[in-house]
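Look at the structure below with its sequence beside it. The text after it takes you through the parts one at a time.

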Amino acid sequence: MKTIKLLSLSLLAVLAFSACSDDDDAPAPVLEQEEITTLNVFLTPEGGTESLVFSFTDLDGDGSNAQISAENLEANTTYTGRMEFLNENEEPVEDVTEEVLEEDDEHQVFFIAGTGLNVNTEYLDADGDGNPIGVEFRLVTGEASSGDLTFILIHDGDKEAGSNGVLTPEVGGDTDIEVTFEVTIVE
Amino acid sequence: MIQKSSLLYFFLFVSSFLTAQNCDYTISGQVIDIHDNSLLQGAVIAIEGTTNVAYSDDKGNFELNDICGGELLIKVTHPYCETQTKRIKLQENLKINFRLEHHLEELNEVLLKGKLYDEKLNSAITRQLKVEELESFSNASLGDALKTISGVSSLNTGSSIVKPIINGLHSSRVLIINDNVRLHDQQWGEDHAPNVDINSAANVTVIKGASALKYGGDAVGGTIVIEPQKAPLKDTLMGKTILTGATNGRGGTFSTSLIKSNSNGFNYRLQGSLKRLGDLKAPDYQLTNTGQRENNISLGLGLNKIDYGIDFSYKLTNSEIGILRSAHVGNISDLEASINRGVPFFIEDFSYSINSPKQEITHQIFKLNAFKKIKNIGEVNLQYSFQNNDRSEFDVRRGGRSDVPAMEMNLKTHTLLAQLEWTDLERFDSNFGIELNAQTNIPSGETGVRRLIPDYEMYTAGVFATTEISLTDRWKLDAGVRYDFNTIDAQKFYIKSRWERLNYNELFPEFEVEEARGGQIFTNPSFDFHNLSATIGATHTFQNNWRFTTNLSSASRAPNPSELFSDGLHHSLARIELGDLQLNSEQSFKIGAELQGEVDEFGFSIQPYYNLINDFIILEPSTIDENTIRGSFPVWQYRQSDSRLYGIDVSASYTHKNFEFDSNFAYVNGQDLEQNEALINMPPFNISNTLTYKKSDWNNFFISLNSQFIAEQNRFPDNNFEVEITNRITGDKEEVLVDISSPPSAYHILNLRSGMEFEFDSKRLSINLLINNLLNTTYRDYLNALRFYADEVGTNAMLQLKLNY
């Protein structure tokens, strides 16, 4: 008798619980908030106008369809540079550069030119501690040449160790962006 | 002299005169265990004031002959039972049955030990840890305690997340049964520790292999059965409090339990524990962000009338576990740099604060259980349980999002279990059951990170039948069969390019629902799985009481949600993990044997096994995804391959006077038969030796020194990969070999334990000192996912106070 009562009680409980937890609403897609889909590098030659020179866009995150473009640089020219990080999957498009600047003590962009490419860079901005950020920078080209130019955004690294712009292992931290462009400097 | 003799003669005469009247009565009957109606052998049935004594035979029968009539007091004693006395007036031959109640300490085991894994009846290859052994791990975890059993290792993420490995297998292949409820706590994840408070356990049994079919048919590795302290059937109040303080982590654990029981069967139980630990320390540096907090409580209320009973229990485990900060890496270059650096990048001063990355888990179990003994059949048992698992994982994130979980899931599981134990047949003990399961997984859509495991509903139904046959006193057989049906209905967003790259648009067009925002596609994958599992075994007891057991079991496991649906970046290993919708169930065939025996003061147990697993599900590197904004990532995908594992677990003990020597070793060899390479994460050869000195005269003083040697694993798959990364100094691309396969070197550590007991006013105070890694040895362990980033913890001295009252 008791067992039967218990059985029915338990069955009731099962039904009640599953009724509560039943979720017939289809879930909504999650758009990656933190994702950086796009890296844009704008350069302004001395006395000239700003143009988008390097661009990398990957809308499907860890997926495969990245678009990459690089314009040629002029030899023996001084450019003023500006980095732009976007999340184009957000509506409206989110400017991640603002977020990086808000947490400027945790972020730093490194500019690394490969062998053969006659390029020098210099930071034009600094965080509250006087360490460079790298969102604004100066890029000076030498003689005509070609090679790799890599932009790396480090989060939570040792900014003192990286203040000279050399990305040694002591800088550590996590890599948020690492994109390499094949760059040609023409006369 | 004459007076004395005459007095003696007088007494002899009188007594013989008295007895001569009617001294040929017989008392016969049976001695029966009140709990399970089993027949008790070796009970002593004595008539007070006489030398007339009988012993019960193996059928529980006894007979007392030539008894004189009159008022008698019969006393029945049995080593495991409470002594019973009965006053009778003997006027004729009498048949009388005695039903004995177990001693308090034995009661736990007898009431608890389900027939199925009772070592003496069943051919399952098992090992059990008792409460005394478990108590010394009060400040650690279940996985740490289980590692003391030969053949059990652990898969760690740091030192707080410890998953048991049985004979080389873990996660979904190991069932964890807590108080008769199968844990559903997202056990698929390698970094998800079982949500069990070790302080709530009275004993833990490890069943190696799939022979415990009543708990599930998918125990490819084995089953871990955790039993809490049960209430005895007498008026008593039992309490226990353990306080442990630890130097490493500068914290400790407080655990207390209280059981109030009445002889009328009503009882209630309370148990709780709190753990607080800060950052742990390796010999050479602080392990930043490795603190943990745990709050656990369990409540129970029951009525046990022997013939029937009902019991309700509630368990809550809540933990917050910090994960080594340096284990979060952004890309391959970071991983490569971490491996080469040799020390963690983030080393800060000791702190109690727990920051990202971390896990927060709350697991709740509600259980209602009722049983009724039925004459001429046995016992029916009905149980309903509900489990609610909330897991949040926090990552190092930008823009103040570190406080928002990167993954948040809620898993609800309802289980209805009905069982009939048919024990009335003399030679057969059988068990029939039905299990129904309904499970929903709801990941949060508010995390800002795509769901790792999708929304799903899963229903399972299982039926099983097992039986144990006593052929003779020396031969027992057992067999069982189980069928499980499993249907899963998921709702998942895939990135469209990945859906197409995996060719799912061709293979599973029926799952496609609609295109969604952000280049995603909404799909509705649903699958049915049929799983059949079985076991057969035999046990033989030799003349010298040595015992040989052999068991053949086959388990069938449907792929878990992680194997089917995983889809994303694993931050501590810098790799993209992809599930596979085409996976089938894996089926294992395991043969295991055990020979155990004793020669004087020497005892041994040898357990060899061979496990063939068809369609074994393996995660392995496939390609390298080259064009993400963070550079290249290796992609790991699930694949199925026929595999085999074999190995041997040996334990031996030798006792001489006050000294005791225990030795355990285990070896396992795993091979992917299709690719012809070693399986990953197989525990290396390990041996543990313990020398103990005990002196009971000195307040049960003991001191023991334990030595653990873990060899280097020489058999591992070469998953190293070459990848082109930019040299961060020269700016040039270069091919780099990332060594993620090579196991760390062998290591040896020493652990010391000592303690004493003091009794006063029926209370018992135990003081124990435990020192782990006595020599502060620096080492890394192959089975720790964070071995690329940091050393294991150094010396940890713990002082433990235990009060039983």
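At the start of helix 5 of chain B, look for Asn331(B). One of its side-chain oxygens comes within 3.1 Å of the backbone nitrogen of Ser333(B). Keep in mind that this is a predicted model.

Now follow the helix itself, residues 332-341. Which of its residues are buried? They are Ile332(B), Ser333(B), Asp334(B), Leu335(B), Glu336(B) and Ser338(B). A general point helps in reading any such list. An α-helix has 3.6 residues a turn, so residues three or four places apart point the same way.

What covers the buried residues of helix 5? The cover includes a strand from the other chain, strand 11 (174-186) of chain A. Chain B adds strand 37 (631-656), strand 42 (721-726) and strand 43 (733-738). Just after the helix comes Gly342(B), with a positive phi of about 80°.

Step back to the loop between strand 22 and helix 5 of chain B. His328(B) lies there. Is His328(B) buried or exposed? Its relative accessible area is 7%, and the cut-off for buried is under 20%, so His328(B) counts as buried. Its side chain makes a polar contact of 3.0 Å with the side chain of Asp395(B). Leave aside the neighbours within four places in sequence, and His328(B) still touches Asp174(A), Pro357(B), Asp395(B), Val396(B) and His571(B). One of those contacts, Asp174(A), belongs to chain A.

Another of them, Pro357(B), deserves a stop. Pro357(B) sits in the loop between helix 5 and strand 23 (358-374) of chain B. The peptide bond leading into it from Ser356(B) is cis, with omega near -5°.

Next, go to strand 22 itself, residues 308-322 of chain B. Asp311(B) has its place in this strand. Its relative accessibility is 18%, so Asp311(B) counts as buried. Which side chain does Asp311(B) join by a polar contact? The partner is Arg269(B), at 2.8 Å. Asp311(B) also touches residues such as Asn267(B), Leu301(B), Gly302(B), Lys367(B) and Leu368(B). Asn369(B) is on the contact list too. Along the sequence, Asp311(B) and Asn369(B) are 58 residues apart. In space, their C-alpha atoms are 5.1 Å apart.

Now for the empty space inside. Rolling a probe the size of a water molecule over the atoms shows where empty space is left. How many cavities of 30 Å³ or more are there? The count is 17. Take the second largest, with about 470 Å³ of space. Its lining has 30 residues, and the closest to its centre are Arg182(B), Asp218(B), Met458(B), Thr460(B) and Asn486(B). By class, the lining has ten nonpolar, 14 polar and six charged residues.

Strands of chain B do much to build this lining. Strand 26 (428-443), strand 27 (455-470), strand 28 (475-495), strand 31 (526-541) and strand 32 (547-557) each supply at least two residues. The largest share, five residues, comes from strand 27.

Between strand 31 and strand 32 of chain B runs a loop that holds Asn545(B). Asn545(B) has a positive phi of about 70°, although it is not a glycine. At 60% relative accessibility, Asn545(B) counts as exposed. Asp615(B) is not a glycine either, and its phi is positive at about 55°. Asp615(B) lies in strand 36 (residues 602-628) of chain B. At 28% relative accessibility, Asp615(B) is partly exposed.

Finish with the aromatic rings. How many aromatic pairs does the structure hold over all chains? There are 30. One of them joins Phe54(A) and Phe151(A). Their centres lie 5.9 Å apart, and the planes meet at 50°, a tilted pair. Phe54(A) is in strand 2 (residues 51-58) of chain A, and Phe151(A) is in strand 10 (residues 145-155). The two are 97 residues apart, and the pair links distant parts of the chain. Phe54(A) is buried at 0% relative accessibility, and Phe151(A) is buried at 2%.

Tyr693(B) and Trp698(B) form another pair. Their ring centres are 6.4 Å apart and their planes stand at 55°, so the pair is tilted. Trp698(B) is partly exposed, at 44% relative accessibility. Last comes one aromatic cluster in chain B: Tyr494(B), Trp499(B), Tyr504(B), Phe508(B), Phe511(B), Phe527(B) and Phe529(B).

Technical notes. Residues numbered from 1 in each chain as written. Chains lettered and ligands numbered in written order. Heavy atoms only, no water. Helix = DSSP H or I, 4+ residues; strand = E, 2+ residues; numbered from the N terminus. Buried < 20%, exposed > 50% of the residue type's maximum accessible area, 1.4 Å probe, protein only. Contact = heavy atoms within 4.5 Å. Polar contact = N/O pair within 3.5 Å; in protein donor to acceptor, adjacent residues only side chain to side chain. 1 Å grid on protein atoms, 1.4 Å probe; cavity = no way out; pocket = protein on both sides within 12 Å on 5 of 7 lines; lining within 4 Å. Points joined across faces, edges and corners; volume = space filled by probe spheres on them. Nonpolar A, V, L, I, M, F, W, Y, C, P; charged D, E, K, R; others polar. Phe/Tyr/Trp six-rings, centres within 6.5 Å; stacked < 30°, edge-to-face > 60°.
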